[in-house]
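Biologist: I am new to this structure and would like a close look at a single part of it, namely how a pair of helices packs together. Please take me through that slowly.

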Amino acid sequence: MTTALQPGDVRHRLGRGVDGGIGTDASRPDGTLKATGQFGFSSDLWTEGMIWGATVRSPHPHAAVVSVDVSAALGMPGVHCVLTHDDVPGRKTYGLESPDQPVLAIDEVRYQGEPVAVVAADDPETARRGAALVRVEYRLLPLVVDPVAALAPGAPEVHPGGNLVRHVKIRRGDPSARAEVVVSGDYEVGMQDQAFLGTESGMAVPAEDGGVDLYIATQWLHVDRDQVAASLGLPPEKVRLTLAGVGGAFGAREDVSLQIHLCLLALRTGRPVKMVYSRQESFFGHVHRHPARLHYTHGADREGRLVFVHADMVFDGGAYLSSSTAVVGNAATLGAGPYDVPNVSIDVRGAYTNNPPCGAMRGFGAVQACFAYESQMDKLAAALGMHPVDLRTRNAMTEGSSLPTGQVVDSAAPVAELLNRVRVAPMPPVASAGDAAGPTGDAAGPTGDAAGPTGDAAGPTGARSGATGLLPGGVANTTHGEGVVRGVGFAVGFKNVGYSEGFDDYSTARVLLTGAGGRLMASVHSAACEVGQGLVTVEAQIVRSELGVDEVVVETADTQVGSAGSTSASRQTYVTGGAVRAACQAVREELLARAAAVLGLEPDDPDLAEAELVGGKLLCRSGGTVVVADLVEGSPVERTVQWRHRPTEALHPDTGQGRAHVQYSFAAHRAIVDVDVELGLVHVVQIATAQDVGRAMNPAAVVGQIHGGTTQGIGLALMEEIQMADGKVRNPSFTDYLIPTMPDVPPMHVEVLELADPHAPYGLRGVGEAPTLSSTPAVVAAVRAATGRALARVPVRPEHIVFGDLTPQ
Amino acid sequence: MSGAGEKQVVRLTVNGEDHELLVRPHATVLELLREDLRLTGTKHGCELGECGACTVLVDGQAQLSCLLLPGQVDGACLTTIEGLADGPVLHPLQRAFAALGGLQCGYCTPGMLLAAKALLDTNPTPSRQQIKEALAGNLCRCTGYAAIVDAVEAAALGAVEAAAQDAVEAAALGAVEAAARTPR
């Protein structure tokens, strides 16, 4: 059997797998396709006559492009074309927030790996060899790779006009307020990679109308389309995008990578063109999480009530803008943490450097700030002699709290409850032999408060034997328990949901209801990108609940329907979910009008308005019943609705005051770790986490997001960093960039709260990002508790544990 | 195709089907499967044997196809994700992954399933720790792994209910048929 996937084969019409409406653990409608290898990922596309693209990239982080000689490459048998910036017919730059990034380098490269030329050839190997034959002459230019140095007077300019991307100031209360207890610290967050498993890939197919069809793994079809069309010099309607299967995203697919290159090659050659990045190329082919330096000072009274928070942060945006301005805005507006603080002064600056461009990654500015403010809360608790949870709950934000931006929190903010829940969550066994996870994976043992009064280490775990992989160092068998100390740490964080600062955030959904021979069927169509999170399941669940129809098909996302916005900011279930519900309500209005005629009622009869759609029937309170399939037989109802959440507003430029966010998502973590203090190795023993999701639309999927997000936070705490030296990436491979493996991830105790947000559809709260925030500081706090080290930088490295923090680079 | 004169003949059985292929000797078995046989269920993730996405069974053993050359599988029997189900009847592991949240984006799933099958073939009732160790070479970026361990455990115990599996199979077949009918 062969499964040559034609481009159209990524158009899976997903349906009939979902059984259940909202609030049920409905199975994914794409689950079996994915478990059988039949799901069409963007790298699986195949069509007769297709050729392959490859990219020529700069080896230098900053250089003038003196000349590009494509003659040798063009002379190679099997090479169809080589394109440079001269071949970009439209706008020669692109970008999410501002088009500052060349499609192909023009006269200068500003980061290592910047694309200079693209090649199309008969097969992947020929394309790679052809790309290697493109001769580019460079003249090296001065580098600026330190974001703080980049903002100093006289620094080399990455772009004309200076290296300051954005400076956000938040000012609240008395800037000179004094406190009895003051702690300060400098913190640093390394550059994390999204490290999705499916590298960038796609296929462009030239169309007869002079346009192009692009099959692509992305997070936002319409913004891709608009950027592609601008650079091709085509009207947007001639650029049609279809979502091909996405092998993970986590922010890395918000920016254009190979989209424009593919279309340029396809239109030039008149052939379908496919590209697939290697893993190494993928590290150069997408934006990363911003590295950050964060200086904080916290002041409190003797009872532990926060008096002030001062913060000064610098985010390294790398060579191009991407979404740095929004990332900086998040770090500022969320930078005091989920606490009530009367006096706040926060400055966040983003800088251009000659490092790789940084942009969206799960947590988006909130992750960096959370590591620092939670580290500060532990430091403050220690200074006060308080338990770290007691200090946090004493200052916890609640509904009605006012943020440093002046925005009032107008729905549930259960910060204290989340912390108290993880505090008393079941503990793992202490100093036991054998499989700590136990047969069911749930940590057994007494409940209660793990940490001592100041969050100190729980004490040596003693020698243990038994299964491998349960001690720091795992199967490397580096200890039998000697030198191993257990520690406990806590953290809480919050993340905005949806777009902020006045952005017009909306989604579009089309719902079609048809009937044939008494059988009722619905389909739902949006441009919202399923990237693994399970949106297709939730869309079907909403239609099933709203319209009382069992058979629901989710159409493939494409640009044939209006924009859904990006799959980012934890927003799709909220915004596209809201659009799907609104489209269903519009369909319902039509059904009621038709039913009125059948039942001989006035259209505005209250009996109709209160009717229920259940099991394919419209049930009136008075007993009148209509079979919905009969209402739509031969006359389907289709409604397309654009839906918006409440508007937000821009921040005041001097004070940072403003209703910038529409919703917040809260999560807390408790981490328990064993540390081999002699070798600096960490084994995370258990995670307990609690999160408010407003309404669990699909509880199993919610827990899946919490597990996955927490795991990425563990990765940032202990292992994940793109290591840079003089603007060059030292570890662009999965050999050298480590992400958590199965034995690295501990059993997790997950508690899900459902405190409805009255402003959101179904009361739901975005889920995906919050778990990534507080897992990192909780793990680091636990390692601090075990080791006594300050650990002001993530990821924590073994040498930091053994020798203490090294001087920040 | 470059280097056409250097090709070699390889005979192998893939999912029960015999093949005699003229291949580039320096291509990987991953490329052979995906490009020559167009069995795209096997995934590329890292080229270096680090991520496990390309895992296939070679004579019943889990192997990383990105680290194998065609000559190393001459005469061998390979099983890829396309050969895991018994016709329309899904393997218990497939049912469990689909039903229990063992996949999100699904990109690691084919390799994860074949590594899990190799485990269950040698150890039908593994502990959770044994599952974690056996699958340590298969990266997943979405799930945090817990649901994968749950799914392998459930498959080993035969704990995925028949009713659920019937529904899942019907769903999959319906979706595949629908996709095949869709124009474009």
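Modeller: Two residues are taken to be in contact if their C-beta atoms, placed from the backbone, lie within 7 Å. With that in mind, and remembering that this is a predicted model, we can turn to chain A, where helix H12, covering residues 535–547, packs with helix H13, covering residues 572–599. The angle between H12(A) and H13(A) is about 30°, and their axes lie 9 Å apart. Since angles under 35 degrees count as roughly parallel, H12(A) and H13(A) are therefore described as roughly parallel to each other. The crossing in which H12(A) passes H13(A) is right-handed. On the H12(A) side, the residues that take part are A:Leu535, A:Val538, A:Glu539, A:Ile542, A:Val543, A:Glu546 and A:Leu547, and on the H13(A) side they meet A:Gln572, A:Thr573, A:Thr576, A:Gly577, A:Val580, A:Arg581, A:Cys584, A:Gln585, A:Val587 and A:Arg588. Sorted by class, this contact of H12(A) with H13(A) is made up of eight nonpolar, five polar and four charged residues.

For a second view of helix packing, chain B offers helix H2, residues 92–99, and helix H3, residues 109–122, which pack at an angle of about 135° with their axes 10 Å apart. That angle makes H2(B) oblique to H3(B), and the crossing of these two helices is right-handed. Here B:Leu93, B:Gln94 and B:Phe97 of H2(B) meet B:Thr109, B:Leu113, B:Ala116 and B:Lys117 of H3(B), a contact that by class holds four nonpolar, two polar and one charged residues.

How values were computed. Residues are numbered from 1 along each chain as its sequence is written. Chains are lettered from A and ligands numbered from 1 in the order in which they are written. This is a predicted model: local features need pLDDT of at least 70, side-chain atom pairs count only at pLDDT 80 or more; totals for chains, interfaces and linings use all residues. Axes are lines fitted to C-alpha atoms, for helices over the stretch in contact, and angles run from 0 to 180 degrees between N-to-C directions. Helices (H or I, at least four residues) and strands (E, at least two) are DSSP runs, numbered from the N terminus. Angles under 35 degrees count as roughly parallel, over 145 as roughly antiparallel, 65 to 115 as roughly perpendicular and the rest as oblique. A crossing is left-handed if the near helix is turned anticlockwise from the far one by less than a right angle, and right-handed if clockwise. Ala, Val, Leu, Ile, Met, Phe, Trp, Tyr, Cys and Pro count as nonpolar, Asp, Glu, Lys and Arg as charged, and the others, Gly among them, as polar.
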